[in-house]
Every structure is written in structure tokens, then in C-alpha cells.
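Here is a short report on one protein model and the molecule it holds. Look at the structure first, then read on.

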Amino acid sequence: MEYALEERIGNPDLFSGRKEELTYFLKWINDIKERKSQSSALLARRKMGKTALMERLFNITFFKNSGVIPFYYEIKEIKMWVKDFCKDFFLTFIYQYIAFKSRNPEYLRPQSRSNFEEVARIAQKEGLDYLCAIINDAAHAAAHEELNILWEIVRDAPKTIAARRNEYIVQMIDEFQFLNAMIYRDKNMKIQANDLAGGYLSSAESKIAPLLVSGSWVGWLMNLLMMMLPARFRYEFLENMPEEEAIEMVYKYSQFFEVPVTEETAYLLAQMAEGSPFYISAIIRSRYRDKNLTTIDGLTKTLEFETLDNQGVIKLTWMEYVASALPRINDRNGKNIVLYLCKHRDREVTRKELIDELKLDIPEVKLEEKLKALVKSDIIAQGTSNNRYQGVTDNIFDKVFRGVYEEEIREFDIGDIAKEYHEGFEKLKEQYNRLLGRYNSQKGHFAEYAILDRLRIHGREHNEFLKSITRNLPGDFNFSDYSLVWKYNSSPEYAKDFSVDIFARAQSPGDYSVIGEVKNRDLKKFSREEAVQFQVKYEEIKKIENLERAVGFVFSRCGFTEEAEEYCKEKGIACSDDERWVGD
Ligand SMILES: Nc1ncnc2c1ncn2[C@@H]1O[C@H](COP(=O)(O)OP(=O)(O)OP(=O)(O)O)[C@@H](O)[C@H]1O
Ligand SMILES: [Mg+2]
């Protein structure tokens with residue numbers, strides 16, 4: 001697939017997991033064509049991958065080209081005069097629209113985003129003359145500084161064009177909360193235009209150009225949606241990645257950034273990060289000098305650096321958020337409250353408990369205000385009732401916060417945190433060993449990654465050995481060097497389950513590429529039905545990827561049924577149940 005919009009994630013191959021969310025939102029986007037999709041807000045704690053997901057949705061929708069036009073806009077955290085903002089918003093939309101219609105991604109990176117004549121000229125050149133009317137309207141309002149009208153025109157532009165042309169547009173607006181906080185009515189930026197978001201009251205109900213909004217200040221964003229746009233948005237929550245996807249991400253980042261991990265440390269890291277893509281990425285890419293992610297000790301030290309050292313990215317990131325909420329909590333009570341909630345983060349705490357336990361000497365109304373401010377800046381969470389609060393259930397945030405403030409508040413030894421990390425890892429290690437025990441094996445809980453590594457690093461070198469433990473290979477087959485070895489996901493096809501565990505593209509066209517499936521089950525044998533399904537995927541991938549020579553391969557730890565074995569032989573699907581594929 002081609003990635004038209006440059007994604008912040010960097011190399012698009014790094015994008016991992018989020019299968020469920022992609023499937024859900026791709027269907028939501030597709031349903032726009034039947035006017036079934038309601039505007040939605042993508043909510044998650046910060047750094048959970050909201051932007052990464054939206055950018056990917058843009059690219060898939062752009063590439064699929066099946067009747068819904070994607071628009072993505074991020075409201076920046078800089079003060080802007082409303083006229084400049086409107087121009088930027090409008091021209092970004094128009095250029096993205098032209099890029100989609102002309103199938104030319106170059107227009108996603110225009111020279112300038114402030115020149116109405118230029119964009120009108122380009123629209124004409126691409127045969128989209130009908131855009132000129134709305135471009136002229138916006139240009140006219142801008143020239144005469146009719147700012148209310150200008151905002152109306154540009155805000156509704158996606159809806160207007162969709163309606164005029166009988167088209168469907170998905171509007172993805174990131175950092176939506178800044179709409180009310182960063183835009184000013186006057187050029188000198190003294191008078192805040194704090195009601196722009198409210199303008200979406202009617203547009204948000206559009207079924208032909210619904211919105212998907214998100215933002216990094218969740219408490220603030222939710223507050224804004226509830227106050228100004230009540231009942232206009234469905235809330236969709238993005239959670240931590242499930243274990244399987246977190247482990248996939250660890251291996252992917254480890255391979256890409258050339259930071260080795262072992263099976264054991266990959267598991268420990270994914271677990272300790274609780275499936276947060278930000279923590280995983282920060283730890284693997286950490287600038288800690290003695291970084292070594294192949295041992296528990298190395299992992300602990302890297303995590304300590306990232307969360308306690310002033311240069312640690314995790315600490316820096318969290319402190320930036322805490323600092324902007326700090327004027328509100330910059331008193332001993334505020335910090336004490338957060339520390340108390342962090343400590344008891346596995347349960348909700350009432351205001352009364354806070355007052356009693358912390359011996360707070362402030363009126364309850366004041367306390368409620370303070371807590372509200374903390375909730376708004378995502379430092380703590382609202383519990384199930386207005387009177388209940390909970391610390392964020394994130395064991396890494398807890399340590400960053402304590403590392404910074406606990407010392408100020410009470411006697412505290414920073415060494416305690418290191419000890420907690422170490423103990424945490426040891427506990428996870430026990431958990432991991434129990435998992436291994438299920439297979440009576442010391443290796444291979446993540447068999448597909450072991451096999452991927454094997455092909456990537458030792459394919460050619462171990463050729464004879466691997467051939468000797470694999471059945472049904474063609475006579476002239478050899479394991480060779482591969483230019484790409486990874487799992488295969490055909491992104492635009494998320495609606496179907498269309499992925500295989502192994503995709504190894506041969507470097508030279510004369511060699512065989514390998515498309516494979518790994519079954520790491522302890523009891524169930526690979527069945528004929530599974531073999532048939534695999535064969536279908538194999539054929540399809542071979543075609544999509546233009547592979548002349550390829551071999552299908554199935555590794556099943558506990559073997560194959562007789563019928564499956566027969567089918568594989570007939571179709572030339574290579575098979576193995578030899579544990580040595582996974583072990584050393
Ligand atoms: N699915 C993913 N695969 C790989 N890396 C990811 C994924 N999602 C997020 N990341 C990485 O995690 C980090 C945070 O992601 P992102 O900026 O998308 O989160 P966010 O929720 O938009 O953050 P913020 O709250 O600051 O807006 C980035 O470094 C990003 O590259
Ligand atoms: Mg973001």
C-alpha cells in the first residue's frame with residue numbers, strides 16, 4: 001500500500017497492532033456511504049496512539065479510494081489569528097480533496113497554504129472547476145475580514161462540497177480542544193475566540209461528512225464536548241494494546257532500531273509497559289548510554305533512566321503535562337492528593353477519605369474544585385460518581401510522579417523505585433516461566449518471532465538444517481537471504497482477517513520467498529480446513545506482492561491431522577512440527 005500522507009510514526013512499517021480499532025473505524029468510515037455513521041470522539045489517555053491511528057485511517061481511506069474522501073487536520077498548539085487559522089484549515093482541506101480526486105499525493109504537501117489564487121488555479125488544472133465558487137467565497141470573506149462568515153464557510157466546507165457533489169467525506173480533526181483555546185479574534189491576539197467549537201453544533205450532525213475528533217488533553221476535550229456540543233458525539237475509547245500486539249510492537253521496534261531483545265525481555269517489556277505504545281517506543285529508543293535490553297538488569301536500568309533521569313523521554317513528556325497543570329496543583333495538598341491516589345490506584349477514593357487521611361484543612365467546595373482541575377488535565381480520573389476519584393492506573397506514571405514529588409513531601413529514597421521495578425520484573429519473569437511450562441520448553445513461547453528471526457538472520461546459513469526438518473519443499477528450494485521478513489497485514493483489507501505470520505521476500509528474484517503460518521498450540525493439530533484457508537491467503541498474497549516464486553509454509557507445534565498432511569502434500573505446502581525450528 002502507498003502511504004500518501006507522511007505519518008509521524010516515521011517508517012510506516014513500524015505501525016503495529018490496533019487491529020480491532022482499525023477494523024472498527026474502517027467500517028465506520030465505509031458506513032458513511034450509507035449515512036449510518038455518527039460523529040465520534042476518539043478518547044484515550046495521552047500518548048496512546050490516537051494520532052498514529054488517525055493518520056493511518058487517512059492513508060488507508062486515501063489508498064482504498066472507495067467513495068469516502070479523507071480529511072485530516074491537526075489544530076496546532078500555537079496562538080493564531082482566526083483569519084490565518086481559517087485559511088490554513090480551508091486550504092489544507094481543499095488540497096487534500098484535490099490530492100484525493102487527482103490521485104496525486106504531491107498536493108498533500110503544497111508549497112503554500114495561504115494563497116487562494118494558487119489553489120483555484122490548481123483546482124482548474126485538475127478539472128475540479130466546481131471548487132472555484134467556494135474558494136472565491138472564502139477568499140472574499142478573508143479579504144474583507146468578515147471573520148464570522150469566513151469561519152462558517154471554512155468550517156462547513158467539507159459538508160458543503162459533499163452535499164453539492166453527492167460525495168462523502170470523513171473529517172478527522174486532531175487536538176480539537178485547541179480550537180477554543182488557541183484562536184484569537186484580533187490580529188494582536190488579545191481576544192480569545194472561545195466559541196469556535198460550538199459552531200460545530202449543526203455540522204457535527206452531518207451524516208455525509210461526519211467528524212472524528214481527538215486530542216491529547218482528554219479531560220479538557222471531554223469537558224468541551226459536553227459543554228458545547230452535547231449529544232453530538234459518540235465516545236470511542238482507545239485502550240492499551242493487547243498483549244499480543246504489544247509483543248509484536250516490541251519485536252518490530254527492536255528489529256528496526258537494531259536494539260536486541262530476548263524472548264523473555266520482549267515479554268517483560270510489553271508487560272511492564274502495560275501495552276502502551278509510547279512506553280514501548282521510548283524504552284527501545286532510549287538514549288541511555290548502557291542500554292541493554294537483553295537482561296532484566298539492563299531493562300531495569302533503562303526504565304529507571306527513562307522515568308527518573310531528567311533526560312528520560314518518558315519523564316520529560318509527563319512533566320510537560322504535569323507542569324501545565326501545576327499552577328493548579330502547586331501546593332502541598334495538591335501533590336499529596338495525587339500521591340495518595342497513585343498509591344491507591346487500584347480503587348476509587350471518596351473526597352471524605354482524602355480529607356480524613358490527608359488531614360486536609362480546606363472546605364469541601366475548594367477541594368472539589370481542585371480535584372476537578374486535576375481531572376481536567378488528566379492527572380487523576382473521575383470515578384464512577386462525582387464524589388469519587390482514582391489515580392491513573394499506570395504504574396509508570398506513578399513512578400515518574402513520585403520520583404519528582406515524593407521527596408518534597410516526605411522522607412523518600414529514590415532507590416525504592418528502582419527496587420520496585422526490579423521486583424516487578426522478577427514477578428513478570430515468574431509469570432513468563434509459567435507460560436513456558438505449558439509447552440515443557442524453555443524456548444518458543446513466541447514461536448513466530450523466533451522463526452522470523454531465524455529466517456532474517458540465519459536463512460542462508462542454516463539452509464541445509466532447516467530443509468532437513470521441513471517436509472514438502474520443492475526439489476530446487478533453498479532458504480536464502482531476504483530483503484524483508486515480517487508478518488503480513490494487508491491494511492486496507494482489515495475487514496477480512498487477512499494476515500499471515502511470516503512473509504519473507506527473497507532478495508534475488510531467482511530465490512523462493514516464504515509465506516507462512518505459525519501455530520503454537522499445545523493440543524490442537526493443524527486441520528485440513530485451516531490448510532485450505534491458508535492456501536487461499538497464500539495465493540492472494542503471492543498475487544498482490546507480485547511474487548514469481550514462493551512457497552507456503554506451516555509450522556504447527558503439535559503437528560497436523562492426516563487430512564491436513566495429505567492436502568499440504570498435494571498443494572506443495574511445506575510443513576514442520578520440529579521444535580528445532582524455534583529453539584537453537
Ligand atoms: N500502533 C502503533 N504502532 C507503533 N507505534 C505506535 C503506535 N501507536 C503509537 N505509536 C507510537 O507511540 C507514540 C505516541 O503515539 P501518538 O502520538 O499517536 O499518540 P497520541 O495518543 O496521539 O498522543 P497525544 O496524547 O500526545 O496526542 C509515538 O511515538 C508513536 O510513534
Ligand atoms: Mg496526538
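## Contacts with the ligand

In this predicted model, a backbone N or O atom of K47 lies 2.9 Å from an oxygen atom of ligand 1. G49 also takes part through its backbone: one of its polar backbone atoms is 3.0 Å from a ligand oxygen. K50 uses its side chain instead. A polar atom there sits 2.9 Å from an oxygen atom of ligand 1.

How much of ligand 1 does the protein cover? On its own, ligand 1 has 630 Å² of accessible area, and the protein covers 88% of that.

## The shell around the ligand

Three elements give two or more residues to the shell around ligand 1. They are helix 2 (50–64), helix 10 (243–256) and helix 12 (277–284). The full shell has 21 residues. The closest are S16, K47, K50, T51 and A52. Sorted by class, eleven shell residues are nonpolar, five are polar and five are charged.

Where does ligand 1 lie with respect to domain 1 and domain 2? Domain 1 covers residues 12–237, and domain 2 covers 243–313 + 416–437. Both give residues to the shell, so ligand 1 lies between them.

## A covered helix

Is helix 11 mostly covered or mostly open? Helix 11 spans residues 263–272, and eight of its ten residues are buried. The buried ones are E263, T265, A266, Y267, L268, L269, A270 and M272. Buried here means under 20% relative accessible area. After helix 11 comes E274, which has a positive phi, near 50 degrees.

## Salt bridges across the chain

Side chains of opposite charge can pair when their charged atoms come close. How many salt bridges does a search of the whole structure find? The search finds 43.

One of them joins the side chains of E7 and R56, with 2.8 Å from N to O. E7 lies in the segment before helix 1 (19–31), while R56 lies in helix 2, so the pair ties together parts that are 49 residues apart in sequence. Both E7 and R56 are buried.

## A bridge between two loops

R549 and D476 also form a salt bridge through their side chains, at 2.5 Å from N to O. R549 is in the loop between helix 22 (528–544) and strand 14 (550–556). D476 is in the loop between helix 21 (463–468) and strand 11 (482–489). The pair therefore ties together parts that are 73 residues apart in sequence.

Are these two residues buried or partly exposed? R549 counts as partly exposed, at 28% relative accessibility. D476 is partly exposed too, with a relative accessible area of 42%.

## A bridge within a network

The side chains of K399 and E420 meet in another salt bridge, at 3.9 Å from N to O. K399 belongs to helix 18 (residues 395–409) and E420 to helix 19 (residues 415–437), so this pair ties together parts that are 21 residues apart in sequence. K399 is buried, with a relative accessible area of 6%. E420 is partly exposed, with a value of 30%.

Which residues are joined with K399 and E420 into one network? They are R345, D398 and R402, linked by salt bridges that share partners.

Terms used
Residues numbered from 1 in each chain as written. Chains lettered and ligands numbered in written order. Predicted model: local features only at pLDDT ≥ 70, side-chain atom pairs only at ≥ 80, totals over all residues. Heavy atoms only, no water. Near = heavy atom within 4 Å. Polar contact = N/O pair within 3.5 Å; in protein donor to acceptor, adjacent residues only side chain to side chain. Areas by Shrake-Rupley, 256 points an atom, 1.4 Å probe, with all protein chains shown as cover. Helix = DSSP H or I, 4+ residues; strand = E, 2+ residues; numbered from the N terminus. Nonpolar A, V, L, I, M, F, W, Y, C, P; charged D, E, K, R; others polar. Domains from an automatic or database assignment. Buried < 20%, exposed > 50% of the residue type's maximum accessible area, 1.4 Å probe, protein only. Salt bridge = Lys/Arg side-chain N within 4 Å of Asp/Glu carboxyl O.
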